[in-house]
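Please find below a colleague's note on the entry under review. It is arranged as numbered points for ease of reference.

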Amino acid sequence: MIIKEINVKNILTKSNLPIAGYSINPYVGCTHACKYCYANFMKRFTNHKEDWGTFLDVKYWPKISNPHKYDGSTMIIGSVTDGYIPQESKYKRTRQFLEEIKGANINLIITTKSDLVLRDLDLIKTFPNPLIAWSINTLDENFKMQMEKTTSIARRIEAMKICHNLNIRTTCFISPIFPGITNVFEIMDKIKDYVDYIWLENLNLRGDFKVKIMEYIKSNKSDLLPLYESIYNKGDMSYWIKLDKEVKEYAFKNSLEYVIDKEPFLKEVRGKPIIINYFYHSDIKQSAKK
Ligand code: SF4
């Protein structure tokens, strides 16, 4: 692992994500090294030639002097890294950011695959209505280990329960959904009592990780290869259309709200979770009409 400490001009980046005004990434790179990581495009912008997951730049920035300047905005920690990678225990850069922005009236969203976020609950609780999202795409710890160098699924679910019991809003981000591997319903059964939102996102294969994932399927799950070829080489949407329908039925059976909207996760909910679908939905709707 190559670790460097670097100075940056600003830790806040204007975000073009539909869900946030600013993104905060206290590190360049991510040692969780997920094989399917969409953020590995960051290598191009940061002149890193090393493999994704084998380098880390630890950011130092000028202190935020007036947190109230950001009142009313939404901030997401961890759009192209995870603010709670193991190295955060030592460098505490995510914690530093929270300390600097403390007191601002912001919508704080944290996305992570770790339970280290529990360390910072003292600060997180001081924001008006924070939301912590844990990504999970399997309950199979072996598959998880083949795909990511992350905290166990069991520990992530435990962290969700702790936060839910403390009335901190929680999301289970079922992402990416691996066709034929991710059992969305098994995961929803396991977590639905501890979350406010369930976000669903399909596996989207592009760039150099497409080759890696297709190789993995060929070597480890060859029975699924025809399915992956039809989805990712021929653009067949039927798997997602069918899954969308099944999730709708699951939601109905369990009296859960099911929406295909980008924003409602910010509205107040308590009680049963809202399922939010982030599949390529306009494409699905068009295909379903044919
Ligand atoms: S945790 Fe997120 S940012 Fe980090 S490697 Fe995995 S997918 Fe990429």
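The points that follow cover the overall fold, two groups of paired strands and the ligand surroundings.

1. Status and overall dimensions. The structure is a predicted model, and the remarks here should be read accordingly. The protein chain contains 11 helices and 12 strands. Its radius of gyration is 19 Å, close to the 19 Å given by the globule rule for 290 residues, so the chain is as compact as a globular protein of that length. Along the principal axes, the C-alpha atoms occupy a box of roughly 55 × 45 × 35 Å.

2. Burial and contacts. Buried residues make up 37% of the 290 residues of the protein chain. Among contacts with a separation of 6 or more, 74% link residues that are 24 or more positions apart.

3. The open sheet E1-E5-E4. Three strands form an open sheet in this order, with mixed pairing. Strand E1 (2-7) and strand E4 (27-28) lie at the edges, each pairing on one side only. Strand E5 (residues 55-60) pairs with E1 in the parallel sense, and 6 bridges connect the two. Within E5, Tyr60 is the residue that stands opposite Asn7.

4. Strand E10 and its partners. Which strands run parallel to E10? One is strand E9 (residues 169-177), joined to E10 by 5 bridges; another is strand E12 (residues 274-277), joined to E10 by 4 bridges. In the pairing with E9, Cys172 has Ile198 of E10 as its bridge partner. The path of the chain from E9 to E10 passes through helix H7 (residues 184-191), and this β-α-β crossover is right-handed. With respect to E12, Tyr197 stands opposite Ile274.

5. Burial of strand E10. Is strand E10 (residues 197-202) mostly covered or mostly uncovered? It is mostly covered, as 5 of its 6 residues are buried. The strand thus described is the one bridged in parallel to both E9 and E12.

6. The ligand shell. The residues around the ligand are Cys30, His32, Ala33, Cys34, Cys37, Ala39, Thr81, Asp82, Lys113 and Glu148. By class, this shell comprises 5 nonpolar, 2 polar and 3 charged residues. Cysteine occurs in the shell at Cys30, Cys34 and Cys37, while the acidic members include Asp82 and Glu148.

Technical notes
Residues are numbered from 1 along each chain as its sequence is written. This is a predicted model: local features need pLDDT of at least 70, side-chain atom pairs count only at pLDDT 80 or more; totals for chains, interfaces and linings use all residues. A residue is near a molecule or strand if its C-beta atom, placed from the backbone, lies within 6 Å of it. Ala, Val, Leu, Ile, Met, Phe, Trp, Tyr, Cys and Pro count as nonpolar, Asp, Glu, Lys and Arg as charged, and the others, Gly among them, as polar. Two strands pair if DSSP finds at least two bridges between them. A residue is buried if 20 or more other C-beta atoms lie within 10 Å of its own, exposed if 12 or fewer, and partly exposed in between; C-beta atoms are placed from the backbone. A crossover is right-handed if, with the strands pointing away from the viewer, the path from the first strand over the helix to the second runs clockwise. The radius of gyration is taken over C-alpha atoms; the globule rule is 2.2 Å times the number of residues to the power 0.38. Two residues are in contact if their C-beta atoms, placed from the backbone, lie within 7 Å.
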